[in-house]
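The exercises below concern empty space in a protein model, and each is followed by a solution worked in steps. Please look through the sequence and the structure before reading on.

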Amino acid sequence: MKKHILFLATLGFLATGCDNSLDNVQNQTNYNDDTYFTTVPTIGEAVTATYGLLLYKGLYSRDFYYLMDLTGNEAEADAPLLGDVLQLHDYSYASNHAQINDLWSTTYKMTLRANLVISKAAKVVPVSDAEKTKLQQYVSEAYFLKAYAEFLLVTLWGRVPIRKDYEGTSEFYLSRSSVEEVWKQIESDLKNAADGLPVIYANSATDLGRATKGAAIALLGKSYLYQKKYAEAAAQFELLTKTPFTYDLVKNLDELFTKSPVKNAETVFDVPHKAWGGWGEGSPYYMFGSQEGSTSGKNTLTGRAMEYGWNDWRNVFISDASVKAFTYTDEAGATFVDPRAKNTFYGDAASGGDVTFCDNCTGGVKTYPFAENGNGYRWRKYQPYEYKEKAELPQSDINSQIIRYADVLLMLAESYINLGKTGDALPLINKVRTRSGAFAYTALGSKEEAFKKLMLERQLELVGEQVRFFDLVRWGIAKNTLNAEKKVKYPTGTQLFFQDKHVLFPIPLTEKNTNPAVAKDIVNDWN
């Protein structure tokens with residue numbers, strides 16, 4: 001694997017004094033990773049650069065929502081969708097797929113930068129107790145981001161090379177570690193992260209988006225759950241339900257998904273976005289390539305709202321399977337339309353989808369043009385249409401939720417069900433359901449029945465949040481579930497279906513071509 005070059009978002013050097021002679025000009029070639037990262041503030045800059053990769057190619061500026069929503073059949077391709085992204089819809093992608101290659105590359109950049117922080121911070125001598133605390137925080141944040149990158153690698157590619165530390169960066173040709181070894185590394189990194197992260201930050205205005213102790217605990221619990229270590233997972237999730245943590249569900253899902261919250265009780269970890277409002281402070285087309293370059297400015301943008309938007313670029317729409325899932329039977333056997341449908345998609349009254357938009361616009365409420373959209377259902381979640389008629393530019397300020405408290409409660413419920421504690425899972429599922437007005441279950445039934453209810457609950461609550469593909473794969477039902485849904489939608493034609501190999505992404509062609517240790521371990525040019 002090639003050694004990645006570390007780019008920082010901003011490194012400004014100010015000359016002192018009034019003498020402009022060459023004798024006082026610092027030779028910038030003197031700066032390298034050993035000579036620059038020697039203070040707590042410069043370590044902080046490296047941490048910021050590590051967070052910046054959440055908005056890099058493959059992740060939350062653009063690609064990640066396509067990668068996971070299309071492969072998990074929560075989004076379907078509309079006519080404007082073209083190129084590599086379209087291949088995700090019919091599983092025709094291969095090892096040279098651009099977005100998959102970008103995600104692989106970005107996760108390794110994240111581990112590199114995190115490892116640099118951890119390594120260089122060990123040599124910094126704080127000059128005060130405040131600096132000592134801040135340095136520990138920075139290192140813990142790096143451990144969290146490193147673990148998050150490793151989590152994506154192991155869940156999407158399985159056996160992968162792992163960069164355990166910065167000192168080993170120059171070792172080009174790492175072999176693939178076993179899945180068990182990767183999970184062990186993730187667990188270790190998250191325990192290190194949790195030890196030094198605060199429950200909350202003193203200055204919430206300037207520290208938006210930073211990982212907290214709760215985020216590290218939640219990701220550790222999720223890692224245990226994915227390994228089927230249910231008791232360990234439950235123990236971590238339970239911590240988040242009591243003091244010192246104060247997580248709770250917001251009153252309305254719109255507080256999370258139609259406007260950008262400054263602070264809320266439900267977010268455990270998210271990617272904050274902000275529409276900076278013009279080319280002077282960053283390009284709204286940042287997601288298409290000017291990342292970390294001289295023209296990108298201070299960008300935290302995502303293009304999802306405009307690209308998914310039915311009144312904008314309309315590249316995708318919500319899948320028929322996702323819409324149909326909101327209609328099911330209640331405990332008496334009667335047809336029930338889940339009220340979360342109205343928070344999730346625009347549609348008709350029968351589907352439960354929202355039939356109006358612009359409820360909070362200056363010009364007043366408008367009727368959703370259902371017929372003009374081919375009698376179709378379109379995304380409302382992560383869209384701005386309740387507040388303005390069009391997204392106008394690809395610069396959404398609706399934050400990308402990575403882990404939120406509803407997800408934590410459902411993962412805790414899943415852990416309990418697998419431990420045979422369906423009674424303990426019941427109030428957790430009901431807490432999530434009743435927040436939006438769905439009926440509360442009086443009982444979950446047998447372990448098998450309880451698990452089916454849990455699966456439906458995760459599908460409805462977390463739709464469009466890049467969760468379903470991971471769930472279907474780890475539950476071992478991806479092929480049967482996705483193909484059944486696709487065959488209903490595409491009974492004839494050229495649609496390709498999910499194959500056994502698709503439970504993992506293909507090892508990128510660039511990795512195969514540059515790392516012989518990995519190349520010799522790839523089967524059928526896939527994984």
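**Exercise 1.** What volume does the second largest pocket have, and which residues lie closest to its centre?

*Solution.* Bear in mind at the outset that this is a predicted model. The volume of the second largest pocket comes to about 390 Å³. Its lining is made up of 19 residues, and those closest to the centre are Lys452, Lys453, Met455, Leu456 and Gln459. Turning to secondary structure, two or more lining residues are given by each of strand S4 (327-329), helix H16 (447-461) and helix H17 (468-474), and H16 supplies the largest share, with 7 residues. Sorted by class, the lining of this pocket contains 8 nonpolar, 8 charged and 3 polar residues.

**Exercise 2.** State how many cavities of 30 Å³ or more the structure holds, then describe the largest cavity and its lining.

*Solution.* The count of cavities of 30 Å³ or more is 5, and the largest cavity encloses about 130 Å³ of space. Around the largest cavity there are 14 lining residues, with Tyr148, Lys222, Ile402, Gln466 and Phe470 nearest its centre. The elements that contribute two or more residues to this lining are helix H6 (129-157), helix H8 (213-226) and strand S10 (400-404). As a last step, the classes in the lining of the largest cavity are 11 nonpolar, 2 charged and 1 polar, whereas the lining of the second largest pocket divides into 8 nonpolar, 3 polar and 8 charged residues.

Conventions. Residues are numbered from 1 along each chain as its sequence is written. This is a predicted model: local features need pLDDT of at least 70, side-chain atom pairs count only at pLDDT 80 or more; totals for chains, interfaces and linings use all residues. Side-chain values use heavy atoms; hydrogens and water are left out. On a 1 Å grid over the protein atoms alone, a cavity is a set of points where a 1.4 Å probe fits but cannot get out, and a pocket is an open set with protein on both sides within 12 Å along at least five of seven lines; lining residues have an atom within 4 Å of a point. Grid points are joined across faces, edges and corners, and a volume is the space filled by probe spheres set on the points. Helices (H or I, at least four residues) and strands (E, at least two) are DSSP runs, numbered from the N terminus. Ala, Val, Leu, Ile, Met, Phe, Trp, Tyr, Cys and Pro count as nonpolar, Asp, Glu, Lys and Arg as charged, and the others, Gly among them, as polar.
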